[in-house]
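Biologist: Hi! I'm new to reading structures, so please walk me through this one in plain words.

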Amino acid sequence: MRILLVDDEMVALTSIRRILRRRGIRHVEICNSGKAAIRKIKESHFDMVLLDLIMPDTDGLKVLQETKPFNPHTEFLILTAIDDISSAVKAVRMGAYDYLVKPVENERLFLAIERAYERSSLLAGIVGSPRFGGNELQVPEPFSRIVTQCPRMMELLNYAKVMAKNRKPFLITGETGTGKELVARGIYKAGLYPDGPFVAVNAASIPETLFESQIFGHVKGAFTGTEGDYAGLFEQANSGTLFLDEIGELPLRLQAKLLRVLDESTVTRLGSTKPIRLNVRVVSATNSDLDKAMEEKRFRLDLLCRLKSVHIHLPPLRERDGDIPLLANHFLKSTCIGQDKQVDGFSPESMNLLCTRNYSGNIRSLKQLIENAVMMTDTNLILPHHLTLKIVPTDAKARSMSTLKEDQKKHVAFVLSNVRGDRKAAAKILGISIRQIQRKLAEMKKDSRW
C-alpha cells in the first residue's frame, strides 16, 4: 500500500508517518504543500492520500477536486482540526472516503485506512487488477463500444461501472471528442435502469426561451401556441437515464430550476401545479471548466456540487497510451466496410505520422482523418500522403489558370485542410451535402496531383 501524507506542518507529517511505519506500512511519502500534492498525485499512483484541509497555498478540498477525477481508485481521508459539518459533507460529495477531526486516536485512524483500502480494492476490481496481483483490467461489458487498451481508461471505466450501481448524478468532463456520450451510455447500461429509456440532449442547442418547456414539459394553454400536454425530457427519461451534454452552457437563470428538480426528484410542467415524481439518473457532461465558470459567477456552486456526486475526467487522446494505433485500425476496418473498399493497413511511416500528430478534436479528429484517407487511397495501404491534404493559396497573385472543375477541387481541398478534415464542417462552409463532399474526394484521388 502506498500512502501520501499532505499537511503544511512538518511535525504532523513526520509523526503520522512514524505511526504508520510502526504498523508495517512502509511506503509512506510526505508533502507539505497543496500545489505540490496535486502534481504528485497526478504523476504517481497512491492507494491512499491523508489530506489536511487547511493549508496556506491550496486547501485540501481543492487538492481533492483537482486529483480525484484523474485517480478514481485513490482513496482520500481528510484529517483536519476543523470540525465543520458543511466541509465534511462537501468533502464526501467530492469523493473523500472519510473526514477525521484531529487529534484522532490511532485505532480510529487505522480502522479508517483499512476500510478505505478495502473499498479501493473493490472499486479497482481486485480479481482483475494487476495492481493487486491479478490479471489485466478489461473494458467492462457495458462500455464495450469504447475501444481502448490504456490502463488509465480501463481503470476509469471499471470505476464508473461500480459507481453506476447507485442513483447519484455523474459528471463527465474532458476535451471535445474524448467519448463522453459513449461513457454516459455505458453508465446507463451498468446502472440500475438498463431497460429504461436513455434520453440525450445538448443543453446548448435548446433556446433559452424554450428550455423549461422542453426539459420540464408543459400543459395545454401554458403559453400561446400550446395545443396539448407535453412530457418534458425528465419525464421521457423516467425510470431511465437523462444525459445533459454541454451542461456548462446552461444559462444561470435556469440552473436554479434544474437544481430544484435534482434535489426534490420531482418536476412540475409549465402551467401546472401538480408535481410529478421522478426516478431518473442524471448524467451531465462538459468540455468547459466549470470551476472557472463558478468563480466567474456563471455557474452555481450548489448545482456543481450536486452534479459532481460522481466525477470522471476523460483523458485526451494524446494521454491514452497505445490507443492511437488501436483506434486507427478500428476505424480503418469500419470505414472499409462502409465504403466497400479493401485496405489492409498502414505503412510504418503512416502509423508513425498518426502517432505523432496533434488531434484537436481527439478521437473524432482521428476518425475523420482515417475516413478521408480510405477515400483517397487507391492502394492496399494507407500511405503518408493519404493523411495530408494540400493547402491551396488563396492569394489572387498565387492562383494559376485552371478550369472551373479544377478550381473546385482546389477549393474543396483548401476548406477541408482548414477544418482538419471535418467533412460535416466543410459541407456547411461550402453549402453542399456531405455526400457531395465524398464525391469530390473520390474525384480527387483519380488525379495524381491530389
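Biologist: Is the crossing of α13 and α14 left-handed or right-handed?

Modeller: The two helices, α13 and α14, make a right-handed crossing (the near helix is turned clockwise from the far one by less than a right angle; anticlockwise would be left-handed). Keep in mind that this is a predicted model, where local features need pLDDT of at least 70 and side-chain atom pairs count only at pLDDT 80 or more, while totals for chains, interfaces and linings use all residues. Residues are numbered from 1 along each chain as its sequence is written, and side-chain values use heavy atoms, leaving out hydrogens and water.

Biologist: Thanks! At what angle do helix α13 and helix α14 pack?

Modeller: Helix α13 covers residues 323-339 and helix α14 covers residues 348-356; the angle between them is about 120°, and their axes are 9 Å apart. An axis is a line fitted to C-alpha atoms, for helices over the stretch in contact, and angles run from 0 to 180 degrees between N-to-C directions. The pair is therefore oblique (under 35 degrees is roughly parallel, over 145 roughly antiparallel, 65 to 115 roughly perpendicular, and the rest oblique).

Biologist: Which residues in α13 and α14 meet?

Modeller: On the α13 side you have I324, P325, A328 and N329, and they meet M351, L354 and C355 of α14. Contact here means heavy atoms within 4.5 Å.

Biologist: Let me zoom out. How many helices and strands does the chain have?

Modeller: There are 18 helices and 16 strands in the chain, all read as DSSP runs numbered from the N terminus (H or I, at least four residues, for helices; E, at least two, for strands).

Biologist: And what share of the residues in the chain is buried?

Modeller: Of the 450 residues in the chain, 49% are buried. Buried means under 20% relative accessible area, exposed means over 50%, and partly exposed is in between, with a 1.4 Å probe and protein chains only. Another chain-wide number concerns contacts between residues at least 6 apart in sequence: 67% of these join residues at least 24 apart.

Biologist: Let's pick one helix. How many residues of α3 are buried?

Modeller: Helix α3 runs over residues 60-67 and is mostly covered, with 6 of its 8 residues buried. Those residues are G60, L61, V63, L64, Q65 and T67.

Biologist: What do the buried residues of α3 pack against?

Modeller: They have several partners: the helices α2 (34-43), α4 (85-93) and α11 (290-295), plus the strands β3 (48-52) and β4 (75-80).

Biologist: Let's stay with α2. How do the axes of α2 and α3 cross?

Modeller: The α2 and α3 axes cross at roughly 20° and come within 10 Å of each other. These two helices are therefore roughly parallel, and their crossing is right-handed. In the contact, G34, A37, I38, I41 and K42 of α2 meet V63, E66 and T67 of α3.

Biologist: Nice. What about helix α8 and helix α10, how far apart are their axes?

Modeller: Helix α8 (residues 208-216) and helix α10 (residues 252-264) have axes 11 Å apart and pack at about 10°. That makes α8 and α10 roughly parallel. From α8, the residues E208, F211, E212 and F216 meet R253, L254, K257, L258 and V261 of α10.

Biologist: Moving along the chain, where does T266 lie?

Modeller: T266 lies in strand β11, which spans residues 266-267. It is buried, since its relative accessible area is 14%. Not counting residues up to four places away in sequence, T266 touches V261, P275, I276, R277 and L278.

Biologist: Now the oddities! Which residues does a cis peptide bond join?

Modeller: The cis bond joins K102 and P103, with omega at about -10°. P103 sits in the loop between β5 (98-101) and α5 (106-124). In general, most peptide bonds are trans, and most residues other than glycine have a negative phi.

Biologist: So what is phi of S265?

Modeller: S265 is not a glycine, yet its phi is positive, near 55°. You'll find S265 in the loop between α10 and β11, and it counts as partly exposed because its relative accessibility is 21%.

Biologist: Last one: is K297 buried or exposed?

Modeller: K297 is exposed, because its relative accessible area is 66%. It also has a positive phi, about 65°, although it is not a glycine. Look for K297 in the loop between α11 and α12 (301-307).
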